[in-house]
Each structure stands twice: as C-alpha cells, then as structure tokens.
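Student: I would like to request a close look at a single part of this protein, followed by an account of the features around it. Please keep the answer connected and formal.

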Amino acid sequence: MKPLIQAFHDKNTGTVTYVVYQNDGADCAIIDSVLDYDPKSGRTSTASADLVVDFVRAHRLKAVWLLETHAHADHLSAAPYLSRQLGGRTGIGAQIAVVQQAFARMFPQRPGIERSFDHLFQPDEVFAIGALQARALHVPGHTPADMAYQIGDAVFVGDTMFMPDVGTARCDFPGGCAATLYRSVRRLLELPPQTRLFMCHDYPPAGREARWEVTVAEQSENNIHIRAGVTEEQFVEMRTRRDATLDMPVLILPAIQVNINAGQLPEAEENGVRYLKIPLNAF
Ligand SMILES: [Fe+2]
C-alpha cells in the first residue's frame with residue numbers, strides 16, 4: 001500500500017510536517033505540525049499550520065490523527081490549532097510520561113498532564129487512517145518516547161536518522177541514550193530496502209537543497225553515522241563526542257513546556273497574557 005504524502009518544510013526550524021492519506025476525500029493523518037514562534041518577540045503565528053489546513057481542505061480530507069513522533073525541542077506543535085480547525089485526535093508514544101516526569105522539576109505541571117494527549121501509542125500498536133493501516137514503532141534513543149509511524153510502504157522516522165549526509169539525531173537530552181538510538185535505527189534499517197523513509201528534519205549542508213525522503217537501502221549504504229558496518233561501540237563513541245559539542249536548541253525551553261502538554265499553550269494570567277517560563281540554571 002502506497003499512501004499519498006504531502007510534505008511541508010518549515011525553513012525556520014528545518015521541520016517537515018506530513019499529511020498522509022490514501023486519496024482525495026479520505027481520512028488523513030498530520031505528522032509533526034509546527035506553530036510558528038519568534039523567540040525575539042514572543043509572537044506566535046499559524047502561517048505554517050494554515051498551509052496544512054488549506055491543503056487538507058482543498059483535498060477534502062478528514063483529519064483523524066494529529067501525530068507527534070516525540071516532544072520536539074526545536075519547535076512548538078500546532079496540534080491544538082489543527083484540531084480546532086480540522087478535528088482529529090492527538091497521539092504520541094506512551095513513554096511520553098517518562099519525558100513529562102523528566103521535565104517536571106523544571107516546569108511545574110498542571111494536574112492531569114499525563115492525559116493531555118488524546119491517545120498514547122504502545123510499541124507496535126496498529127491503527128487506521130481510513131483504509132490505510134498504520135503501525136506505531138517505538139524507536140527510543142533521542143528521547144525515551146520517540147515513535148516512528150509506519151504507514152503502508154512509508155515510515156516517518158522522527159528524530160532517529162537524518163538524511164545520509166547529516167547522520168543521526170542527538171542523544172544528550174534528558175533520558176536520551178546513544179546505544180538505544182543505535183538499536184532503534186538498526187531496527188528501522190531491517191525494513192525492506194525499498195521502504196520510503198521520511199525525515200522529521202533536514203539541516204542541509206551548504207550547497208544542497210533541503211530533502212527529506214530516502215530509502216532504507218540508501219541509508220544503509222550512505223548514512224555518515226550509522227551505515228551498514230558501523231558497530232554500536234563506534235556509533236556511541238562518535239555520538240557522545242559530537243553531542244558534547246552541541247549547544248541547546250534555541251527553542252528547547254519554550255518548546256518542551258508546550259509540547260509535553262500536547263501543544264497546549266499556558267492559560268492566560270489575570271492580565272489576559274499567556275507566559276512561557278524560562279527556568280534559570282535548571283538545565
Ligand atoms: Fe527532536
């Protein structure tokens with residue numbers, strides 16, 4: 001089964017949002033949506049999400065799932081906005097509870113946060129997008145809760161692998177583990193070689209246009225971090241050394257507090273203004 005896939009690439013954060021469906025007029029899933037957020041002004045905008053809304057309406061699709069591959073640290077989710085515009089249930093991996101707990105000290109959480117997503121996927125859980133059969137794959141490592149979504153011959157890999165010339169996702173966030181990521185990626189690379197893999201991000205090297213689709217065969221042959229033949233020990237050594245050089249993502253503090261709460265923005269305070277919190281010296 002070969003679903004139709006429309007990608008929306010957000011140049012600001014390098015994130016790719018996907019609409020997955022069988023044909024016009026059918027049910028669809030929206031994966032990893034983006035609420036635009038400018039950290040300089042604190043201004044949010046739905047410009048990126050509205051491109052998705054327009055596409056879904058133009059193709060007469062019914063949004064049934066608003067999926068997150070994980071709690072992103074680089075952008076805010078637009079799932080609540082999309083749900084209001086289009087309907088659909090939010091879903092993420094069940095291990096999100098571990099991520100919510102890991103950040104509980106930094107961001108005091110409203111009661112019931114564990115129920116903020118409409119659905120928590122168990123490993124290998126099968127679900128439907130209209131006539132399309134889908135499966136949630138637990139692929140931890142970048143975070144404990146990362147999921148990939150297998151829909152027909154396509155797999156939306158979240159933050160596991162990036163394009164072959166970029167490599168793999170970092171593993172130094174709370175609960176991250178390079179050895180675990182290695183095993184998750186190896187499992188994805190055991191899928192049939194022609195399987196289409198869709199990246200959650202692309203950070204293209206200078207001189208190349210952004211791309212986000214690649215096959216299992218191409219990753220196995222060419223991925224600079226984890227192609228066939230790279231051992232777990234070599235990968236962990238490389239990943240650990242590299243992660244030690246990386247700055248925190250610009251939006252990690254705004255993004256995490258919103259995304260572990262299924263993308264819900266904080267309630268307005270008495271003056272009618274919503275505030276994000278920046279914990280000092282907690283990271
Ligand atoms: Fe991520």
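**Phe 198 and its surroundings**

Tutor: Phe 198 is a residue of strand β13, which covers residues 196-198. The model under discussion is a predicted one. Phe 198 has a relative accessibility of 3%, and it therefore counts as buried, the cut-off being under 20%.

The contacts of Phe 198 can be listed once its neighbours within four places in sequence are left aside. They include the run Ala 154, Val 155, Phe 156, Val 157 and Gly 158. Ile 5, Tyr 18, Trp 212 and Glu 213 are also in contact with Phe 198. By way of a distance along the chain, Thr 168 is 30 residues away from Phe 198, and the C-alpha atoms of these two residues are separated by 13 Å.

One of the contacts, Tyr 18, deserves separate treatment as a ring partner. The structure holds 13 aromatic pairs. In the pair formed by Tyr 18 and Phe 198, the ring centres are 5.5 Å apart and the planes stand at 75 degrees; because an angle over 60 degrees counts as edge-to-face, the pair is given that description. This pair links distant parts of the chain, with Tyr 18 in strand β2 (residues 15-21) and Phe 198 in strand β13, 180 residues apart. Tyr 18, at 1% relative accessibility, counts as buried.

A second pair is made by Phe 121 and Phe 127, whose ring centres are 4.7 Å apart and whose planes are at 45 degrees, so this pair is tilted. Phe 121 counts as buried at 1% relative accessibility, and Phe 127 counts as buried at 6%. Phe 121 and Phe 127 also belong to one aromatic cluster, together with Trp 65 and Tyr 149.

The iron ion comes next. Its protein donors are His 70 and His 142, each through NE2, and Asp 159 through OD, at 2.0 to 2.4 Å from the ion. Along the sequence, the spacing of these donor residues is H-x71-H-x16-D. The pair of His 70 and Asp 159 links distant parts of the chain, 89 residues apart: His 70 is in the loop between β6 (62-67) and α2 (79-86), and Asp 159 is in the loop between β12 (154-156) and α4 (178-189). Both His 70 and Asp 159 are buried.

There remains the question of enclosed empty space. A search of the whole structure finds two cavities of 30 Å³ or more. The largest cavity has a volume of about 60 Å³. Its lining consists of Ala 71, Val 99, Phe 103, Thr 143, Phe 173, Pro 174 and Ile 256. By class, six residues of this lining are nonpolar and one is polar, with no charged residues.

The second largest cavity has a volume of about 30 Å³. Ile 30, Ile 31, Asp 32, Ser 33, Leu 66, Leu 67, Glu 68, Ala 79 and Leu 82 form its lining. At least two of these lining residues come from each of β3 (27-31), β6 and α2. The lining of the second largest cavity comprises six nonpolar residues, one polar residue and two charged residues.

To return to the starting point, Phe 198 is a buried residue of strand β13, and its ring is paired edge-to-face with that of Tyr 18.

Definitions and conventions. Residues numbered from 1 in each chain as written. Predicted model: local features only at pLDDT ≥ 70, side-chain atom pairs only at ≥ 80, totals over all residues. Heavy atoms only, no water. Donors = N, O, S within 2.8 Å, 3.2 Å for Na, K, Ca; no water. Helix = DSSP H or I, 4+ residues; strand = E, 2+ residues; numbered from the N terminus. Buried < 20%, exposed > 50% of the residue type's maximum accessible area, 1.4 Å probe, protein only. Contact = heavy atoms within 4.5 Å. Phe/Tyr/Trp six-rings, centres within 6.5 Å; stacked < 30°, edge-to-face > 60°. 1 Å grid on protein atoms, 1.4 Å probe; cavity = no way out; pocket = protein on both sides within 12 Å on 5 of 7 lines; lining within 4 Å. Points joined across faces, edges and corners; volume = space filled by probe spheres on them. Nonpolar A, V, L, I, M, F, W, Y, C, P; charged D, E, K, R; others polar.
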